[in-house]
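Good morning, colleagues, and thank you for making time for this presentation. I would ask you to have the sequence and the model open while I speak.

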Amino acid sequence: MELYRLTASELSRMMQKKEVSSAEITRSVFDRIAQKEPEIEAYITLDEEGALKKATEVDEKRAKGESLPPLAGIPVGIKDNICLKGLPATCASKMLQNFVPPYNATVIEKLNAQDCVYTGKLNMDEFAMGSSTETSFFKKTKNPFDTARVPGGSSGGSAASVAAGEAIVSLGSDTGGSIRQPASFCGVVGLKPTYGSVSRFGLVAFASSLDQIGPFGRSVEDVSMLYSAICGKDPHD
């Protein structure tokens, strides 16, 4: 069974029934990354070691009979303008290629509470200014359905990774269409949440009065699961 092809909701139910482990899912996703990433170029930074370590921790919790959230053990890709402690947050710019955040964005803290597994940081238009993911300093992400075409932007890496099976779900950001447009281009589901429903703390801003972090998935159910995990009031806002 090609686990990377399944939705987060399907995999969550399978893990709850102990039909599959988070480590098996995570390995399936990284095997897919090894196969497709040279062609798609959705990622700026990968963290296979950290992802497998976290997946093993989740499996150990489940083996002990702990009650876990729906997204526990699900591999999630993160757009590279969202701060994830210990991994670079480049915003696809040469200027920030060596910047490693010393703190987590609020959405990451919320996903940590869900015991999510992070695959790495996803390519984007530089500083989220673009609609094709061609303005990244590092690489140009391709559309998984036709590599001669763009995946949209600025969250092109986030959309392409889900469409290609290089992440089960992902987070992007949307100012004027940067989730909705690449979701459409790549044939996945994307949501720009209502302004203020998801914290912007730890997001490198483009236009603060419009920016929102939002989810990508292969189904409305997956997007609902991820949105439910990241939404809520934040004192930092």
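I shall take you through two helices, a pocket, the aromatic pairs and some backbone features. Please keep in mind that what you see is a predicted model.

Let us begin with helix α1, residues 8-16. Its buried residues are Ala-8, Ser-9, Leu-11, Ser-12, Met-14 and Met-15. Together, these buried residues pack against α2 (22-40), α3, β4 and α7.

I would like to dwell on Ser-9, which sits within α1. Is Ser-9 buried or exposed? Its relative accessible area is 3%, and a residue counts as buried under 20%, so Ser-9 is buried. Which residues does Ser-9 contact, once neighbours within four places in sequence are left aside? They are Ser-219, Glu-221, Asp-222 and Met-225. With Glu-221 there is also a polar contact, side chain to side chain, at 3.3 Å.

Directly after α1 comes Lys-18, with a positive phi near 60 degrees. Lys-18 takes this value although it is not a glycine. This lysine belongs to the loop between α1 and α2, and at 57% relative accessibility it counts as exposed.

On the other side of that loop, in helix α2, please find Ser-28. Ser-28 has a relative accessibility of 13% and counts as buried. Not counting residues up to four places away in sequence, Ser-28 touches Glu-2, Leu-3 and Tyr-4.

I turn now to helix α4, residues 106-113. The buried residues here are Thr-106, Val-107, Ile-108 and Leu-111. Against what do they pack? Their partners are the strands β2 (75-79), β3 (117-122), β4 (169-174) and β6 (212-217), together with helix α7 (220-230).

Lys-110 is also part of α4. At 22% relative accessibility, this lysine counts as partly exposed. Apart from residues up to four places away in sequence, Lys-110 touches Ala-229, Ile-230, Cys-231 and Gly-232. Its side chain reaches the backbone oxygen of Cys-231 at 3.3 Å. To place Lys-110 relative to Val-76, the two are 34 residues apart in sequence and 13 Å apart in space, C-alpha to C-alpha. Just after α4, Asp-115 has a positive phi of about 65 degrees.

Next, the largest pocket. How much space lies in it? The volume is about 190 Å³. The lining consists of Asp-47, Gly-50, Ala-51, Lys-54, Leu-84, Lys-85, Leu-87, Asn-104, Asn-112, Cys-116 and Tyr-118. By character, these lining residues divide into five nonpolar, three polar and three charged. Which element gives the most to the lining? It is helix α3, residues 48-63, with three residues.

We come to the aromatic rings. A pair of such rings is described by the distance of the centres and the angle of the planes. There are two aromatic pairs in the structure. In one of them, Tyr-103 and Phe-201, the ring centres are 5.5 Å apart and the planes stand at 45 degrees, so this pair is tilted. Tyr-103 is in the loop between β2 and α4, and Phe-201 in the loop between β5 (189-190) and β6, so the pair ties together parts that are 98 residues apart in sequence. Both residues are partly exposed, Tyr-103 with a relative accessible area of 34% and Phe-201 at 27%.

The other pair is formed by Phe-137 and Phe-138, whose ring centres are 5.1 Å apart. Why is this pair called edge-to-face? The planes are at 75 degrees, and an angle over 60 counts as edge-to-face, so that description applies. Phe-137 is partly exposed with a relative accessible area of 41%, and Phe-138 is likewise partly exposed, at 30%.

Finally, I draw your attention to the loop between β3 and α5. Ala-128 is located there, and its phi is positive, near 65 degrees, in a residue other than glycine. With a relative accessible area of 6%, Ala-128 is buried. The same loop, between β3 and α5 (156-164), holds Ser-154. The peptide bond leading from Gly-153 to Ser-154 is cis, with omega near 5 degrees.

That concludes the tour, and I thank you for your attention.

Technical notes
Residues numbered from 1 in each chain as written. Predicted model: local features only at pLDDT ≥ 70, side-chain atom pairs only at ≥ 80, totals over all residues. Heavy atoms only, no water. Helix = DSSP H or I, 4+ residues; strand = E, 2+ residues; numbered from the N terminus. Buried < 20%, exposed > 50% of the residue type's maximum accessible area, 1.4 Å probe, protein only. Polar contact = N/O pair within 3.5 Å; in protein donor to acceptor, adjacent residues only side chain to side chain. Contact = heavy atoms within 4.5 Å. 1 Å grid on protein atoms, 1.4 Å probe; cavity = no way out; pocket = protein on both sides within 12 Å on 5 of 7 lines; lining within 4 Å. Points joined across faces, edges and corners; volume = space filled by probe spheres on them. Nonpolar A, V, L, I, M, F, W, Y, C, P; charged D, E, K, R; others polar. Phe/Tyr/Trp six-rings, centres within 6.5 Å; stacked < 30°, edge-to-face > 60°.
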